[in-house]
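Subject: Handover of a structure and notes on its contents

Dear colleague,

Please find below the structure that I am handing over to you, followed by a short account of what was found in it. Kindly keep in mind that it is a predicted model.

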Amino acid sequence: MIKFFSTNGHQERVDFKGALLAGQAPDKGLYMPESLPILSQEIIQGFPQMSYHQIAYQVIKPYIGELVAEQALLDMLKDAYSFDVPLERVYDGKYLLRLDRGPTCSFKDFAARLMARLMQYFLKEEGKSIIILTATSGDTGSAVAHAFYGLENIRVIVLFPEKEVTERQRRQMTTLGKNIYPLAVAGKFDDCQAQVKQAFADPDLAGLALSSANSINIGRLLPQAVYYFYAHSRVAPGGEKVVFSVPSGNFGDLMGGLIALKMGLPVKQFVAATNENDEFPLFMQTGRYEPIQPSKNCISNAMNVGHPSNLARLFALYGGQMDESGRVIRHPELSAMREEIYAVSISDEETRQTIKDAYTQHMVLLEPHGAVGWAGLQRYLREFGDWSPAVSLETADPAKFPDEIVRLTGINPPLPPAMASLDEKEENYLRMAGGYASLKEYLMEFF
């Protein structure tokens, strides 16, 4: 059975169940698998004939081992992935992987829905309940809230930066009720994330059975490896190498792709496309890592991250070590990282121009995050020459960003059915100021 270790070096090793329910390691590190299972080429060559949930089973099963019965896992996967995952050809061999067809119209649905089912399975086994404490820069909160909504043994507290989410992103979190408790923080996503991490390490809260649904949780990360295998099976059924361009904020999405690569997926290179929060592209250029504090407020708001949590995992994957604050303890193999990752920063101006050009040239409607990914791919192709097949990830439905889309294209993006009645629903959430002390007081008083 694959064991999981802490990126901060804690000696304890846990299985998937332990890592999933804990969320974060005791030393504030993130859990990583000690080994990455390699899928045989025979298995990968069979993926073009498989459905999404069947591919997911092959990718995720090695990490779970015998902790979940085979049929139970298949049932969970089929239930979690009950929506389409289209690959939209834009031109030549260039595609958009549309990860916006789930119940909250965001790529976060892929991880959150499976994670909720796995957590509920393990908790029912033990007759326990937990509190999910999660931070969001836009889409994570709504995906997690919807995935866990109504589950009797799980309560969910979502922290979001009040001034940096769109109205529709906020409404997807604040109109549910029941076991969902949204908190609007007077600060940035990095403030929300730091408070969540502090709560996990606070001995005064040890009795609350806290866990995380952010991408700091390994249960969020592993399902994100699946859609790279799925996309490859549809655009390169002959086994060709694919270029993937990934809009990157907290770097969970890119880590999913890198895990897929290490598991045997034929990848030419990953494009890690950030917005103006360019701490990672600068690191790739210079070898020096400096978090951006505070993070820059860009129109691709879910990627406004000045220090991505998953860099600790990325460093570990390449032999390095980074603590939760961004301090580099051991440098990774930069040459190996550069061979597999092309990092680029896309300005707001370029993001807006990309949205315009994609619509006028290809009749494709992009939202700001997908536009960052598409712009990153175009820059890669200009620098290294044409490559097909190439897949850029579209991570949210344009209807989540109507004001920006209307300004740039004159088109009001149609509301998908999942968001149709959102604007009429009543909101219910608390505003929280005062930093971690306020969060701690709230948790101790109400939970």
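I begin with the sheet. It is open and consists of five strands in the order 8-5-6-7-15, with parallel pairing. Strand 8 (210-211) and strand 15 (430-432) occupy its edges; each has a single partner strand, so one side of each is left without a neighbour in the sheet. Within the sheet, six bridges join strand 6 (residues 154-161) to strand 7 (residues 180-185) in the parallel sense. V158 has P182 in strand 7 as its bridge partner.

Two helices lie across these strands. Helix 6 (residues 140-148) crosses strand 5 (130-135), strand 6 and strand 7, and runs at about 160° to strand 5. Helix 18 (residues 436-446) lies across strand 5, strand 6, strand 7 and strand 15, at about 160° to strand 6.

I turn next to the internal cavities. There are two cavities of 30 Å³ or more. The largest has a volume of about 260 Å³. It is lined by 24 residues, of which F107, K108, G249, N250 and A302 are the closest to its centre. This lining comprises eight nonpolar, 12 polar and four charged residues.

The second largest cavity holds about 60 Å³ of space. Of its 13 lining residues, L30, K197, S309, A312 and E324 are the closest to the centre. By class, three of the lining residues are nonpolar, six polar and four charged.

Yours sincerely,
A colleague

Technical notes
Residues are numbered from 1 along each chain as its sequence is written. This is a predicted model: local features need pLDDT of at least 70, side-chain atom pairs count only at pLDDT 80 or more; totals for chains, interfaces and linings use all residues. Side-chain values use heavy atoms; hydrogens and water are left out. Two strands pair if DSSP finds at least two bridges between them. Helices (H or I, at least four residues) and strands (E, at least two) are DSSP runs, numbered from the N terminus. Contact means heavy atoms within 4.5 Å. Axes are lines fitted to C-alpha atoms, for helices over the stretch in contact, and angles run from 0 to 180 degrees between N-to-C directions. On a 1 Å grid over the protein atoms alone, a cavity is a set of points where a 1.4 Å probe fits but cannot get out, and a pocket is an open set with protein on both sides within 12 Å along at least five of seven lines; lining residues have an atom within 4 Å of a point. Grid points are joined across faces, edges and corners, and a volume is the space filled by probe spheres set on the points. Ala, Val, Leu, Ile, Met, Phe, Trp, Tyr, Cys and Pro count as nonpolar, Asp, Glu, Lys and Arg as charged, and the others, Gly among them, as polar.
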